[in-house]
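Student: Please take me slowly through the nonpolar patch on the surface, and show me how its residues connect to the rest of the chain. I would like to follow the reasoning behind each label of buried or exposed.

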Amino acid sequence: MLKRIAAAFSYIFHPLFLLTYLLLLVQWVNPYLFGHTSFQGHSLLLIQIFFSTALLPGVAILLMKALGILESFKMEDKQERIGPYIVTGMFYLWIFINVQDNGEIPESYRSFVLAATVGLFLAFLINLIQKVNIHAVSAGVFLSSVIIMLATYSYSLVDLTTL
(Lines give C-alpha, C1' and ligand atoms only; values in the text may rest on other atoms or scores of the structure.)
Protein backbone atom coordinates (compact mmCIF):
# COMPACT_ATOMS: atom_id res chain seq x y z
CA MET A 1 0.00 0.00 0.00
CA LEU A 2 2.78 2.43 0.91
CA LYS A 3 4.61 1.64 -2.33
CA ARG A 4 1.50 2.59 -4.32
CA ILE A 5 1.16 5.86 -2.43
CA ALA A 6 4.84 6.61 -2.98
CA ALA A 7 4.51 5.81 -6.69
CA ALA A 8 1.44 8.05 -6.96
CA PHE A 9 3.33 10.92 -5.30
CA SER A 10 6.26 10.29 -7.62
CA TYR A 11 4.03 10.63 -10.68
CA ILE A 12 1.93 13.54 -9.41
CA PHE A 13 4.95 15.54 -8.25
CA HIS A 14 7.24 14.53 -11.10
CA PRO A 15 10.05 17.04 -11.66
CA LEU A 16 8.80 17.77 -15.16
CA PHE A 17 5.68 19.36 -13.64
CA LEU A 18 7.66 21.73 -11.39
CA LEU A 19 7.33 24.90 -13.46
CA THR A 20 3.68 24.20 -14.23
CA TYR A 21 2.89 23.81 -10.54
CA LEU A 22 4.85 26.95 -9.68
CA LEU A 23 2.93 28.91 -12.31
CA LEU A 24 -0.36 27.64 -10.95
CA LEU A 25 0.72 28.61 -7.46
CA VAL A 26 1.78 32.14 -8.46
CA GLN A 27 -1.45 32.62 -10.42
CA TRP A 28 -3.44 31.43 -7.42
CA VAL A 29 -1.56 33.55 -4.87
CA ASN A 30 -1.74 36.78 -6.85
CA PRO A 31 -3.47 36.59 -10.27
CA TYR A 32 -3.12 40.35 -10.77
CA LEU A 33 0.65 40.05 -11.22
CA PHE A 34 0.14 38.86 -14.79
CA GLY A 35 -1.58 42.00 -16.05
CA HIS A 36 -4.90 40.29 -16.74
CA THR A 37 -7.48 38.49 -14.69
CA SER A 38 -9.23 36.52 -17.41
CA PHE A 39 -9.07 32.75 -17.36
CA GLN A 40 -8.15 32.78 -21.06
CA GLY A 41 -5.00 34.84 -20.45
CA HIS A 42 -3.90 32.62 -17.58
CA SER A 43 -4.68 29.38 -19.38
CA LEU A 44 -2.69 30.29 -22.49
CA LEU A 45 0.48 30.85 -20.46
CA LEU A 46 -0.19 27.69 -18.47
CA ILE A 47 -0.52 25.66 -21.67
CA GLN A 48 2.72 27.13 -23.02
CA ILE A 49 4.64 26.34 -19.84
CA PHE A 50 3.20 22.83 -19.55
CA PHE A 51 3.87 22.09 -23.22
CA SER A 52 7.46 23.37 -23.11
CA THR A 53 8.60 22.05 -19.74
CA ALA A 54 6.61 18.86 -19.22
CA LEU A 55 5.05 17.51 -22.40
CA LEU A 56 7.89 17.98 -24.88
CA PRO A 57 10.64 16.71 -22.54
CA GLY A 58 8.35 13.81 -21.58
CA VAL A 59 7.84 12.88 -25.23
CA ALA A 60 11.60 13.11 -25.82
CA ILE A 61 12.22 10.75 -22.90
CA LEU A 62 9.57 8.35 -24.25
CA LEU A 63 11.38 8.40 -27.60
CA MET A 64 14.69 7.66 -25.87
CA LYS A 65 13.07 4.64 -24.25
CA ALA A 66 11.54 3.50 -27.54
CA LEU A 67 14.90 3.84 -29.31
CA GLY A 68 16.65 1.82 -26.62
CA ILE A 69 18.73 4.71 -25.27
CA LEU A 70 17.07 4.19 -21.88
CA GLU A 71 16.70 0.73 -20.34
CA SER A 72 13.90 1.84 -18.01
CA PHE A 73 12.16 5.01 -16.92
CA LYS A 74 13.71 4.64 -13.46
CA MET A 75 17.11 5.52 -14.94
CA GLU A 76 18.98 3.75 -12.18
CA ASP A 77 22.34 4.20 -13.92
CA LYS A 78 23.72 7.73 -13.85
CA GLN A 79 24.84 7.40 -17.48
CA GLU A 80 21.23 6.86 -18.55
CA ARG A 81 20.24 10.20 -17.03
CA ILE A 82 22.56 12.27 -19.20
CA GLY A 83 20.28 12.30 -22.27
CA PRO A 84 17.11 13.25 -20.37
CA TYR A 85 19.02 15.97 -18.48
CA ILE A 86 20.31 17.49 -21.72
CA VAL A 87 16.94 17.38 -23.49
CA THR A 88 15.06 18.80 -20.51
CA GLY A 89 17.77 21.41 -19.99
CA MET A 90 17.38 22.63 -23.58
CA PHE A 91 13.62 23.06 -23.10
CA TYR A 92 14.13 24.82 -19.76
CA LEU A 93 16.66 27.20 -21.32
CA TRP A 94 14.28 27.88 -24.18
CA ILE A 95 11.38 28.69 -21.86
CA PHE A 96 13.67 30.78 -19.64
CA ILE A 97 14.69 32.93 -22.62
CA ASN A 98 11.04 33.35 -23.63
CA VAL A 99 9.90 34.16 -20.09
CA GLN A 100 12.68 36.72 -19.58
CA ASP A 101 11.55 38.67 -22.65
CA ASN A 102 7.88 38.68 -21.64
CA GLY A 103 7.01 41.75 -19.58
CA GLU A 104 3.61 40.34 -18.62
CA ILE A 105 5.19 37.60 -16.52
CA PRO A 106 6.06 38.72 -13.00
CA GLU A 107 9.67 38.87 -11.91
CA SER A 108 9.07 36.30 -9.18
CA TYR A 109 8.02 33.63 -11.69
CA ARG A 110 10.95 34.50 -13.95
CA SER A 111 13.20 33.95 -10.94
CA PHE A 112 11.57 30.58 -10.29
CA VAL A 113 12.19 29.54 -13.89
CA LEU A 114 15.83 30.57 -13.52
CA ALA A 115 16.11 28.63 -10.23
CA ALA A 116 14.63 25.50 -11.83
CA THR A 117 16.97 25.81 -14.81
CA VAL A 118 20.04 26.30 -12.64
CA GLY A 119 18.94 23.42 -10.39
CA LEU A 120 18.55 21.16 -13.40
CA PHE A 121 22.00 21.98 -14.76
CA LEU A 122 23.62 21.61 -11.33
CA ALA A 123 21.96 18.21 -11.01
CA PHE A 124 23.31 17.33 -14.45
CA LEU A 125 26.86 18.33 -13.47
CA ILE A 126 26.70 16.51 -10.14
CA ASN A 127 25.25 13.48 -11.93
CA LEU A 128 28.44 13.21 -13.97
CA ILE A 129 30.26 12.33 -10.74
CA GLN A 130 27.57 11.00 -8.40
CA LYS A 131 24.00 9.92 -9.10
CA VAL A 132 21.63 12.63 -7.89
CA ASN A 133 17.93 12.40 -7.14
CA ILE A 134 16.20 14.95 -9.39
CA HIS A 135 13.02 14.58 -7.34
CA ALA A 136 14.91 15.98 -4.34
CA VAL A 137 16.32 18.83 -6.42
CA SER A 138 12.86 19.63 -7.73
CA ALA A 139 11.37 19.53 -4.24
CA GLY A 140 14.11 21.89 -3.04
CA VAL A 141 13.41 24.39 -5.81
CA PHE A 142 9.67 24.17 -5.14
CA LEU A 143 10.09 24.61 -1.39
CA SER A 144 12.42 27.58 -1.75
CA SER A 145 10.01 29.15 -4.26
CA VAL A 146 7.10 28.71 -1.85
CA ILE A 147 9.12 30.29 0.96
CA ILE A 148 10.00 33.24 -1.28
CA MET A 149 6.34 33.62 -2.26
CA LEU A 150 5.28 33.54 1.37
CA ALA A 151 7.80 36.22 2.24
CA THR A 152 6.87 38.34 -0.77
CA TYR A 153 3.10 38.04 -1.05
CA SER A 154 1.88 37.27 2.44
CA TYR A 155 0.08 39.98 4.29
CA SER A 156 0.50 38.84 7.84
CA LEU A 157 -0.63 40.60 10.98
CA VAL A 158 2.87 40.36 12.42
CA ASP A 159 5.42 42.87 11.24
CA LEU A 160 8.62 40.86 10.92
CA THR A 161 10.82 43.97 10.93
CA THR A 162 9.95 44.67 14.57
CA LEU A 163 11.08 41.25 15.83
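Tutor: A residue counts as exposed when its relative accessible area is over 50%, as buried when that area is under 20%, and as partly exposed in between. Ile97 is a simple case to practise on: its relative accessible area is 51%, so Ile97 is exposed. Please keep in mind that this is a predicted model, and that every label below was computed from it.

Let me first set the scene. The protein has 163 residues, 34% of which count as buried, and its secondary structure comes to six helices and zero strands, so that the order from the N terminus on reads α-α-α-α-α-α. Along the principal axes, the C-alpha atoms fill a box of roughly 55 × 35 × 35 Å. Among the contacts with a separation of 6 or more, 67% are between residues 24 or more positions apart. The accessible surface is about 10400 Å², and carbon and sulfur atoms make up 71% of that area.

On this surface lies the patch that you asked about. Its members are Phe50, Phe51, Leu55, Val59, Leu63, Leu67 and Ile69, and together they have about 660 Å² of accessible area. Two of these members can be followed in detail. Phe50 sits in helix α3, which covers residues 39-66; because its relative accessible area is 32%, between the two limits, Phe50 is called partly exposed. A patch member needs over 30% relative accessible area, so the 32% of Phe50 meets that requirement. Ile69, on the other hand, belongs to the loop between α3 and α4, and because its relative accessibility is 53%, which is over 50%, it counts as exposed.

Ile69 also leads us away from the patch. Once neighbours within four places in sequence are set aside, Ile69 is in contact with Met64 and Glu80. Glu80 is placed, like Ile69, in the loop between α3 and α4, yet Glu80 is buried. Glu80 has no salt bridge, and the nearest side chain of opposite charge is that of Arg81, at 7.1 Å. A salt bridge requires a side-chain nitrogen of Lys or Arg within 4 Å of a carboxyl oxygen of Asp or Glu. With the same neighbours left aside, the contacts of Glu80 are Ile69, Leu70, Glu71, Ser72 and Met75. As for the charges of the whole protein, the mean position of the 8 positive ones and that of the 8 negative ones are 15 Å apart.

Helix α3 holds not just the partly exposed Phe50; Gly58 has its place in this helix too, and because its relative accessibility is 19%, under the limit of 20%, Gly58 counts as buried. From Gly58 to Tyr92 there are 34 residues in sequence and 13 Å in space, C-alpha to C-alpha.

Tyr92 then appears in the contacts of two further residues. One of them is Pro15, in the loop between α1 (2-12) and α2 (18-29), which is buried because its relative accessibility is 9%. Beyond its neighbours within four places in sequence, Pro15 is in contact with Tyr92, Ile134, His135 and Ser138. From Pro15 back to Leu63, a member of the patch, the separation is 48 residues in sequence and 18 Å between C-alpha atoms. The other is Thr117, in helix α5 (residues 107-127); because its relative accessible area is 4%, Thr117 is buried. Apart from residues up to four places away in sequence, Thr117 touches Tyr92, Leu93 and Phe96.

That brings us back to the exposed Ile97, whose place is in helix α4 (residues 82-100). The C-alpha atoms of Ile97 and Ile129 are separated by 28 Å, although the two residues are 32 positions apart along the chain.

Methods: Residues are numbered from 1 along each chain as its sequence is written. This is a predicted model: local features need pLDDT of at least 70, side-chain atom pairs count only at pLDDT 80 or more; totals for chains, interfaces and linings use all residues. Side-chain values use heavy atoms; hydrogens and water are left out. Patches are made of residues with over 30% relative accessible area and no salt bridge: like charges are joined within 9 Å, nonpolar side chains (Val, Leu, Ile, Met, Phe, Trp, Tyr) within 5 Å. Accessible areas come from the Shrake-Rupley method with a 1.4 Å probe; for residues, only the protein chains shown count as cover. Helices (H or I, at least four residues) and strands (E, at least two) are DSSP runs, numbered from the N terminus. Buried means under 20% relative accessible area, exposed over 50%, partly exposed in between (1.4 Å probe, protein chains only). Contact means heavy atoms within 4.5 Å. Lys and Arg count as positive and Asp and Glu as negative; His and the chain ends are not counted. The place of a charge is taken as NZ of Lys, CZ of Arg, CG of Asp or CD of Glu.
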